[in-house]
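Reader: Could you walk me through this model, beginning with the overall dimensions and then moving on to the sheets and helices?

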Amino acid sequence: MGALNTLPVSLKVQGKRIVIVGGGDEALNKARLVSKTTAIVVIISRHIEVDFSPFAHEVHERPFAAADLEGAVLVYVGDEGPDGVAAIAAAHERGVLLNVVDVPDQCEFYTPSLIVQPPISIAVASEGNAPVLARLIRARIEALLPPNLGALAQLAGRMRDRVEALLEGAAARRYYEEIVTSPAVEAALIAGTGEAEAEAVLARHAGAGKAAGVVWLIGAGPGAEDLLTLRAQRLLQEADVIVHDQLVPSAVVDMGRRDAERILVGKQKGHHSFTQGEINGLIVRLAQEGKRVARLKSGDPMIFGRAGEELEALDRAGIAHQIVPGVTAALAAAADTATPVTLRQISSGFVIATAHGANSEELKHWASLAASGLTLALYMGKSVAAPTAARLIAEGAGADIPVGVVVRAGRADRLFYRGTLGSLAAGITELDDGPAIIFVGEAIAHGDWDQAIKLAKAEVKVA
Ligand code: SAH
């Protein structure tokens, strides 16, 4: 690792002049950037080619004069003609920091790639080596940040005197941690009542009470690390404890803070698994201890995730919660196989159902939906796939309705099967290990199932 040749600093520019010599797009880019500050932006060029008015305070269409740098803190030169040469000389003479656009060797400073949410600024700099890389890094950081970071920082700033009067050291830190991560404060900021909420939290902290816990019910998606929402990723990094199911892969759980406690509550064959009642009790207790709990569930938390019971337990205990949606397995399977689960004139709807433990009324209902063209996505159905298909046929769904099965949807090692309700009912093809989605419906014929293994039909008996 080498050392830096530049030092990122925050230069005070309020009310000072930043001079840009040049009248084209490069000058405009610089003007746009520096206009995010309270500096006075001055443009000088013989040829004003673009509209600077949204970004500049003064636009002078004339030759540059050395006196233009009077009182300037920075000067950008984006002019290769005599005015540029004069401006560079004048900057050297007067000791005004100089940036010559796209000529790193002549620059005395570079402008980093910026995330600006006043008063917060985040700068990513590459000493002029790799501006494109710096922009990419900026975009990644931006994706991790809550949307109203600036308002939050301003709120924290306004609370400072009050906090100092009431709390000190670790207690003050805990207070700030709570207001910058609390969903209640986030919501209050949007509603314009951030101040009151921050005061209420302060009153609670000052009253020697512990920080209030919260439970986030987070959808982890189907298993790929990049099929998680940005909000899920951010909250995972804020959580003190991550309570997760077996189906959530470790790569996703690893997105949490390194020092976060992890509790696996999932069903694991041969191991003790928590009952739903125990899980409800666990998340309530952790939140009552003041912890921020990420309850991480595969796919979307509201689909076959027992979220109803957990929310009821949290409400009964008066614990704050927030739900973060995720990509449910059926939609990952649809994407994997380019299957439009709704399709004009073919499938007017899409039904998410579970084959596990379905009674005959339900099966009858689905059979008629499938017969009418709707796409069924059956969850938790792999072990009962053949008998379920047979019963759907018995209830009136055509044996020739297309069927597609996706095992481990959304993951690199996914596997597809295709056939008909009849071939699924024959039950000859053994489906691979792992969670599976069973699609039933005409829309399947319109997907891309070329990679799929064919489900064997009854008459093609294999030895
Ligand atoms: N909340 C989850 C569903 C949990 S129930 C979601 O929205 O996806 C568990 C069932 O989901 C499994 O039996 C299987 O049918 C399905 N499932 C979960 N992950 C899957 C995956 N990666 N590929 C295919 N099916 C999956």
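**Overall dimensions and architecture**

Author: The chain has a radius of gyration of 30 Å, whereas a compact globule of 463 residues would have one near 23 Å; the radius is taken over C-alpha atoms, and the globule rule is 2.2 Å times the number of residues to the power 0.38. This is a predicted model, in which local features need pLDDT of at least 70 and side-chain atom pairs count only at pLDDT 80 or more, while totals for chains, interfaces and linings use all residues. Residues are numbered from 1 along each chain as its sequence is written, and side-chain values use heavy atoms, with hydrogens and water left out.

Reader: What box do the C-alpha atoms fill, and how many of the residues count as buried?

Author: Along the principal axes, the C-alpha atoms fill a box of roughly 90 × 60 × 45 Å. Of the 463 residues, 42% count as buried, where buried means under 20% relative accessible area, exposed means over 50%, and partly exposed lies in between (1.4 Å probe, protein chains only).

Reader: And how many helices and strands does the chain have?

Author: There are 15 helices and 18 strands, taken as DSSP runs numbered from the N terminus (helices are H or I with at least four residues, strands are E with at least two).

Reader: Let's take the sheet with β1, then; what is the strand order?

Author: Five strands form an open sheet in the order β3-β2-β1-β4-β5, with parallel pairing; two strands pair if DSSP finds at least two bridges between them. β3 (58-61) and β5 (97-100) are the edge strands, each with a single partner, so one side of each is left without a neighbour in the sheet. From one strand to the next the twist averages 15°. Strand β4 (residues 72-77) and β5 are joined in the parallel sense over four bridges, and Leu74 stands opposite Leu97 in β5.

Reader: Which strands does helix α1 lie across?

Author: Helix α1 (residues 25-34) lies across β1 (17-21), β2 (40-45), β4 and β5, and runs at about 165° to β1. Axes here are lines fitted to C-alpha atoms, for helices over the stretch in contact, and angles run from 0 to 180 degrees between N-to-C directions.

Reader: What about the sheet that contains β8?

Author: That one is an open sheet of five strands in the order β10-β9-β11-β8-β12, and its pairing is parallel. Its edges are β10 (261-264) and β12 (320-324), each with a single partner strand, so one side of each is left without a neighbour in the sheet. Neighbouring strands are turned by 20° against each other on average, direction ignored. Strand β8 (residues 214-219) pairs with β12 in the parallel sense over five bridges, with Leu217 opposite Ile323 in β12.

Reader: Which helices pack on this sheet?

Author: Helix α10 (residues 276-288) touches β8, β9 (241-244), β10 and β11 (292-297), and its direction makes about 150° with that of β11; contact means heavy atoms within 4.5 Å. Helix α11 (residues 307-316) also packs on the sheet, touching β8, β11 and β12, with its direction at about 170° to that of β8.

Reader: Switching topic, how is β15 covered, and which residues lie on each side?

Author: Both faces of β15 are covered, with Pro402, Gly404 and Val406 buried on one side and Val403, Val405 and Val407 buried on the other. In strand β15 (residues 402-407), six of the six residues are buried. Six bridges join β15 to strand β16 (residues 415-420) in an antiparallel arrangement, and five bridges pair β15 with strand β17 (residues 436-440), also in the antiparallel sense. Val406 stands opposite Phe416 in β16, and its bridge partner in β17 is Ile437.

Reader: Last one: where is the cis peptide bond, and which residue in the loop after α12 has a positive phi?

Author: The cis bond runs from Pro118 to Pro119, with omega near 5°, and Pro119 lies in the loop between β6 (113-117) and β7 (120-124). Ala338 has a positive phi of about 50° although it is not a glycine, and is found in the loop between α12 (329-336) and β13 (350-354). Most residues other than glycine have a negative phi, and most peptide bonds are trans. Ala338 counts as partly exposed, at 46% relative accessibility.
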